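User: I have a model open and want to go through it in short steps. Please reason from the coordinates and keep each answer brief.

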Amino acid sequence: MSGWRRLAGPFGASCVTPSAADLSAQAIVEALNRYQLLVFPAQTLDVAGFEQLARRLGELDRYPFAAPLDASEFVVPIIKDRHEQHNFGGDWHTDTSYLEQPPSVTLLLAQELPAVGGDTLFADMYGAYAGLSGGLKFFLQQLQGINSSSLVHDPAGAHAGVAGDRSSLEVAQTSAQHPVVRVHPATGKPALYVSLVHTERFAGMTRAESLPLLEFLQQRATRAENCVRLQWQPGMLAIWDNRCLQHLPLNDYPGQRRAMLRIILRGERPLAFTSDRNG
Ligand code: SIN
């Protein structure tokens with residue numbers, strides 16, 4: 001029997017059942033469809049247990065831009081050490097949207113945390129879309145975004161020099177065209193699917209033409225009332241749905257170490273949302 005405590009107004013819930021491993025996959029997936037972000041405080045998962053839990057929720061995927069653990073090709077350490085300045089993924093984004101089939105879900109397990117700081121912010125992309133005018137919604141439904149790894153993973157990209165990033169290694173840059181408004185395959189709800197760090201431009205438009213609208217959408221999506229702030233505790237596990245959320249790991253703990261383990265689940269090709277009315 002599981003219970004959930006809501007985290008904040010827009011989305012997110014914390015599980016009151018002590019161990020995530022005791023919940024059925026169906027209970028977790030249903031809760032994820034409902035709350036978008038699930039938090040499981042104080043878990044006692046080792047690498048094998050973490051992978052086993054993730055495997056029950058879907059097909060595991062490999063992340064091309066960081067080296068996994070020796071113990072598992074699917075578990076990627078996300079570490080910012082004391083001497084490092086940049087953190088991994090330190091801009092608002094949804095995971096790896098430059099792949100043809102971006103990960104549906106991410107699982108992140110806290111191993112070592114700074115004494116203070118290192119929270120992760122999440123933004124509701126259902127809410128981001130729902131809050132727009134009918135005219136803009138209808139316009140965005142006609143658009144496709146060109147999402148590219150090069151904005152962050154090029155040698156001169158935003159994540160060059162980030163701990164664990166292997167952009168400098170021989171990993172092919174990738175790019176994928178996805179609908180700007182995608183429909184969630186389980187909930188049927190429309191969500192905005194662009195981000196400033198991954199969406200280079202709209203198909204058929206130049207970057208200069210696209211950027212003002214991308215900036216407007218990013219700013220609207222991440223306004224405070226559309227966000228939830230997750231304060232990590234040791235052993236905490238978060239599971240979130242990349243199809244309807246963006247996230248931002250805060251880089252506010254200079255001189256301290258933060259170490260997490262991450263697994264991503266393979267997603268489907270994003271499907272376009274269309275409606276025959278301006279809504
Ligand atoms: C990520 O972007 O997947 C990492 C999030 C975090 O470190 O909080």
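Analyst: First, a term. Helices (H or I, at least four residues) and strands (E, at least two) are DSSP runs, numbered from the N terminus. This is a predicted model.

User: In which loop is the place of R223?

Analyst: Two elements flank R223. One is α6, residues 207–221, and the other is β13, residues 227–230. R223 therefore sits in the loop between α6 and β13.

User: Is R223 exposed or buried, and how far apart are the C-alpha atoms of R223 and W4?

Analyst: The limit for exposed is 12 or fewer other C-beta atoms within 10 Å. R223 has 12 C-beta neighbours inside 10 Å, so R223 counts as exposed. W4 is 219 residues from R223 along the chain, and their C-alpha atoms are separated by 25 Å.

User: Which strands each supply at least two residues of the shell around the ligand?

Analyst: The ligand is surrounded by I78, F88, G89, D95, T106, L108, T120, H247, P249, M260 and R262. Three strands each give at least two residues of this shell. They are β6 (105–112), β15 (245–249) and β16 (258–265).

User: How many residues of the ligand shell are nonpolar, polar and charged?

Analyst: Glycine is counted as polar in this scheme. By class, the shell holds 5 nonpolar, 4 polar and 2 charged residues.
That gives, in the order you asked, 5, 4 and 2.

User: How much of β6 is buried?

Analyst: β6 is one of the strands that supply the ligand shell. It is mostly covered. The buried count, out of 8 residues in β6, is 6.

User: Which residues are the bridge partners of L107 in β16 and in β14?

Analyst: β6 pairs with β16 in the antiparallel sense over 7 bridges. β6 also pairs with β14 in the antiparallel sense, over 5 bridges. For L107, the partner in β16 is I263, and the partner in β14 is I239.

User: What is the C-alpha separation of G117 and P249, and which residues does G117 touch?

Analyst: G117 lies in the loop between β6 and β7 (120–124). It has 15 C-beta neighbours inside 10 Å, so G117 counts as partly exposed. P249 is 132 residues away along the chain, yet the two C-alpha atoms are separated by 9.9 Å. Not counting residues up to four places away in sequence, G117 touches L250, D252 and Y253.

User: Why do the buried residues of α1 line one face of the helix?

Analyst: In α1, residues 25–35, the buried residues are I28, L32 and Y35. Viewed down the helix axis, they line one face because they fall within an arc of 85°. An α-helix has 3.6 residues a turn, so residues three or four places apart point the same way. The answer is the arc of 85°.

User: Which elements do the buried residues of α1 pack against, and what is the phi of Q36?

Analyst: The packing partners are β1 (4–6), β2 (13–15), β3 (37–40), α2 (47–57), β6 and β14 (237–241). Q36 follows α1. Its phi is positive, near 75°.

User: A42 and T96 both have positive phi. Which burial class has A42, and which has T96?

Analyst: A42 has a phi near 45° and lies in the loop between β3 and α2. T96 has a phi of about 55° and is found in the loop between β5 (76–80) and β6. With 12 other C-beta atoms within 10 Å, A42 is exposed. T96 has 23 other C-beta atoms within 10 Å, so T96 is buried.

User: In the open sheet β9-β8-β12, which strands stand at the edges?

Analyst: This open sheet of 3 strands has antiparallel pairing. Each edge strand has a single partner, so one side of it is left without a neighbour in the sheet. The edge strands are β9 (175–179) and β12 (199–202).

User: Which residue in β9 stands opposite S148?

Analyst: β8, residues 144–148, pairs with β9 in the antiparallel sense over 5 bridges. Opposite S148 in β9 stands S175.

User: In β17, which residue is the bridge partner of V183?

Analyst: Another open sheet of 3 strands has the order β11-β10-β17, with antiparallel pairing. β11 (190–192) and β17 (271–272) are its edge strands. β10, residues 181–183, pairs with β17 over 2 bridges. The partner of V183 in β17 is L271.

Definitions and conventions. Residues numbered from 1 in each chain as written. Predicted model: local features only at pLDDT ≥ 70, side-chain atom pairs only at ≥ 80, totals over all residues. Near = placed C-beta within 6 Å. Buried ≥ 20, exposed ≤ 12 C-beta atoms within 10 Å, placed from the backbone. Contact = placed C-beta atoms within 7 Å. Arc of directions from axis to C-beta. Pairing = 2+ DSSP bridges.
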